[in-house]
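Here is a set of exercises to work through with the model open beside you. Try each task before reading its solution.

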Amino acid sequence: MNRMVVEKAKKQSEPKRPILKNCIQAFIGGGLICLFAQILLKIFTDVLELEKQYANTLTVTIMVFLGAFLTGLGIYDRIGQIAGAGTIIPITGFANSMTSAALESKSEGLVLGIFTNMFKLAGSVIVVGIISAFVMGCIRYILGI
């Protein structure tokens, strides 16, 4: 009985999380990042008249650079405080995780610090991406697409 009272008191004292507000902020923040990438892609394809393949590559490269650059300046973290999970969009979120891990471990040296710790957070993303690509490739092969 005493245990139930303690659990109930804990539950009542916990602050309520604004789940709906967080979801809306993540949706808008992630959407704005994607909108920016889409605008870049449109500029490259329509204005500069690049082929779709080159425009895609250039857009991804710029988004990775901006994610890493803004992380290095500390701006991406401030954006993350507002947009929440919306900043975990694969390209910029990946750049952020690698850059932040590298910055945190730079005092340990180039090889043992930056090179070994840079993939701690991003390693799982790479593994999931490779496995997902393999599974989707197998499905496409089986379906003859």
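**Exercise 1. Find the element that holds Thr59, decide whether Thr59 is buried or exposed, and list its contacts beyond four places in sequence.**

Step 1: Thr59 sits in helix α3; helices here are DSSP runs of H or I with at least four residues, strands are runs of E with at least two, and both are numbered from the N terminus.

Step 2: Thr59 has a relative accessible area of 8%, so it is buried. The cut-offs are under 20% for buried, over 50% for exposed and partly exposed in between, with a 1.4 Å probe and protein chains only.

Step 3: Setting aside neighbours within four places in sequence, Thr59 is in contact (heavy atoms within 4.5 Å) with Ala37, Leu40, Leu41 and Phe44.

A word on the basis of these values: this is a predicted model, in which local features need pLDDT of at least 70 and side-chain atom pairs count only at pLDDT 80 or more, while totals for chains, interfaces and linings use all residues. Residues are numbered from 1 along each chain as its sequence is written, and side-chain values use heavy atoms, with hydrogens and water left out.

**Exercise 2. Describe the chain as a whole: which elements does it have, and what share of its residues is buried?**

Step 1: The chain has seven helices and zero strands, and from the N terminus its elements run α-α-α-α-α-α-α.

Step 2: Of its 145 residues, 23% count as buried.

Step 3: Take the contacts between residues at least 6 apart in sequence: 51% of them join residues at least 24 apart.

**Exercise 3. Identify the residues of the largest nonpolar core and the helix that supplies its largest share.**

Step 1: A nonpolar core is a set of buried Ala, Val, Leu, Ile, Met, Phe, Trp, Tyr and Cys residues joined through side-chain atoms within 4.5 Å.

Step 2: The largest one has nine residues: Ile33, Ala37, Leu40, Leu41, Phe44, Ala55, Met63, Tyr76 and Ile89.

Step 3: At least two residues of this core come from each of α2 (19-47) and α3. The largest share, five residues, is supplied by α2.

Step 4: Now pick out Met63, one of the core residues. Not counting neighbours within four places in sequence, Met63 is in contact with Ile33, Phe36, Ala37, Leu40, Ile91 and Thr92.

**Exercise 4. Classify how α3 packs against α4 and against α5.**

Step 1: Axes are lines fitted to C-alpha atoms, for helices over the stretch in contact, and angles run from 0 to 180 degrees between N-to-C directions. Under 35 degrees counts as roughly parallel, over 145 as roughly antiparallel, 65 to 115 as roughly perpendicular and the rest as oblique.

Step 2: The axes of α3 (residues 52-73) and α4 (residues 75-83) come within 5 Å and cross at roughly 95 degrees, so these two helices are roughly perpendicular. Gly67, Leu70, Thr71 and Leu73 of α3 make this contact with Ile75, Tyr76, Arg78 and Ile79 of α4.

Step 3: For α3 and α5 (residues 90-104), the axes come within 8 Å and cross at roughly 40 degrees, which means α3 is oblique to α5. On the α3 side, the contact residues are Val60, Met63, Val64, Gly67, Ala68, Thr71 and Gly72, and on the α5 side Ile91, Thr92, Ala95, Asn96, Thr99, Ser100 and Leu103.

**Exercise 5. Work out how α2 and α4 are oriented, and which residues meet.**

Step 1: The axes of α2 and α4 come within 8 Å and cross at roughly 135 degrees, so the two helices are oblique to each other.

Step 2: Gln25, Ala26, Gly29 and Ile33 in α2 meet Tyr76, Ile82 and Ala83 in α4.

**Exercise 6. Compare the settings of Ile79 and Gly86.**

Step 1: Ile79 belongs to helix α4, whereas Gly86 lies in the loop between α4 and α5.

Step 2: Ile79 is partly exposed, with a relative accessible area of 33%; Gly86 is buried, at 6%.

Step 3: Beyond four places in sequence, Ile79 is in contact with Leu70, Gly84 and Thr87, and Gly86 touches Ala26, Gly29, Gly30 and Ile33.

Step 4: Between C-alpha atoms, Ile79 and Gly29 are 8.2 Å apart in space and 50 residues apart in sequence. For Gly86 and Cys34, the values are 9.8 Å and 52 residues.
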